[in-house]
Amino acid sequence: MSKHWCRNMAGLNVCDEDMQIIPRPKLELYIHITTKCIQAGAFLGLLIIAPAFRAIRGPRTLNAITASAFRGGVNGACVGLVVGPLMTYARMRSSDIDGWHDRCYRLRYNRNQVRVDRGWVVGAIAGIGYAVAMTTVPPGVGFVVGSTGGMLAAFTYNTLFNKN
């Protein structure tokens with residue numbers, strides 16, 4: 001990761017020459033794909049798989065469904081943390097360094113993707129901060145709820161308001 005990546009992620013303007021400076025493309029791509037897997041796992045576990053499982057198996061109380069959703073989101077994020085590096089390796093093992101560099105360069109220019117990643121990070125920080133301040137909410141639950149909320153907010157913005 002470089003200062004140019006950080007500036008781009010923060011939403012600041014970065015010239016094309018600086019955007020091409022990617023000192024560690026393998027690390028950048030591993031982090032990106034692992035982040036996507038964590039996002040997918042947390043989203044699926046929190047909002048789809050765990051609530052559906054609890055609704056089918058019971059008990060069907062709001063407290064049981066909520067507890068199951070929180071646990072499913074945290075477990076899904078943990079699965080994404082393990083699966084992400086494996087997926088990156090499987091997809092990129094035959095690529096040369098130019099392939100890694102090209103993929104990172106294109107990801108940096110994908111404004112919608114950068115916006116979703118930014119929303120995910122801001123949401124995660126807010127969720128962890130809320131969980132720590134409340135002391136009754138585990139930080140993992142704060143991370144999952146906050147990051148999923150930030151990701152969905154950025155996705156909604158991209159869908160409704162971005163005219164690219």
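## Exercises: cysteines, charges and cores

Searching the whole structure turns up zero disulfides. Keep in mind that this is a predicted model.

**Exercise 1. Work out why C6 has no disulfide partner.**

Step 1: Recall that a disulfide is a covalent bond between the sulfur atoms of two cysteines. The cut-off to apply is a pair of sulfurs within 2.5 Å.

Step 2: Look for the cysteine sulfur closest to that of C6. It belongs to C104, and the gap is 14 Å, so that's too far for a bond.

Step 3: Check the surroundings. C6 is partly exposed, at 42% relative accessible area.

Step 4: Now try C78. Its nearest cysteine sulfur is in C37, 13 Å off, and C78 is in no disulfide either. C78 is partly exposed too, with a relative accessible area of 44%.

**Exercise 2. Find how many salt bridges the structure holds, and sort out where their partners sit.**

Step 1: Start from the general idea: side chains of opposite charge can pair when their charged atoms come close. Here the count of salt bridges is three.

Step 2: Take R108 and E28. Their closest N and O atoms are 2.9 Å apart. R108 lies in helix α5 (residues 97-109) and E28 in helix α3, so this bridge ties together parts that are 80 residues apart in sequence. As for burial, R108 has just 2% relative accessible area and is buried; E28 is buried as well, at 6%.

Step 3: Go on to D117 and K36, whose side chains meet in a salt bridge at 2.6 Å, N to O. This is another link between distant parts of the chain, with D117 in helix α6, K36 in helix α3 and their positions 81 residues apart. D117 counts as buried, with 9% relative accessibility.

Step 4: Finish with D102 and R106, where the closest N and O atoms are 3.0 Å apart. Both belong to helix α5; being four residues apart, they are separated by about one helical turn. D102 is partly exposed at 36% relative accessible area, and R106 is partly exposed at 45%.

**Exercise 3. Track down a buried arginine that has no salt bridge, and say what is in contact with it.**

Step 1: The residue to pick is R115, which is buried yet has no salt bridge. Its place is in helix α6.

Step 2: Look for the nearest side chain of opposite charge. That's D117, 11 Å away, whereas a salt bridge needs N and O within 4 Å. D117 itself is in a salt bridge with K36.

Step 3: List the contacts of R115, skipping neighbours within four places in sequence. You should get A154, Y157, N158 and N162.

**Exercise 4. Which residues make up the largest nonpolar core, and which elements give two or more of them?**

Step 1: Collect the members. There are 10 residues in all: I38, A42, L46, A69, A77, V116, W120, V144, M151 and A154.

Step 2: Assign them to elements. Two or more residues come from each of α3 (25-57), α4 (62-92), α6 (111-134) and α7 (139-160).

Step 3: Zoom in on M151. With neighbours within four places in sequence left aside, M151 is in contact with Q39, F43, V116, G119 and W120. Of these, V116 and W120 are in the core list too.

Step 4: Look beyond this core. Another one, of eight residues, lies apart from it, and its members include C37, W100, C104 and L107.

Terms used
Residues are numbered from 1 along each chain as its sequence is written. This is a predicted model: local features need pLDDT of at least 70, side-chain atom pairs count only at pLDDT 80 or more; totals for chains, interfaces and linings use all residues. Side-chain values use heavy atoms; hydrogens and water are left out. A nonpolar core is a set of buried Ala, Val, Leu, Ile, Met, Phe, Trp, Tyr and Cys residues joined through side-chain atoms within 4.5 Å. Buried means under 20% relative accessible area, exposed over 50%, partly exposed in between (1.4 Å probe, protein chains only). Contact means heavy atoms within 4.5 Å. Lys and Arg count as positive and Asp and Glu as negative; His and the chain ends are not counted.
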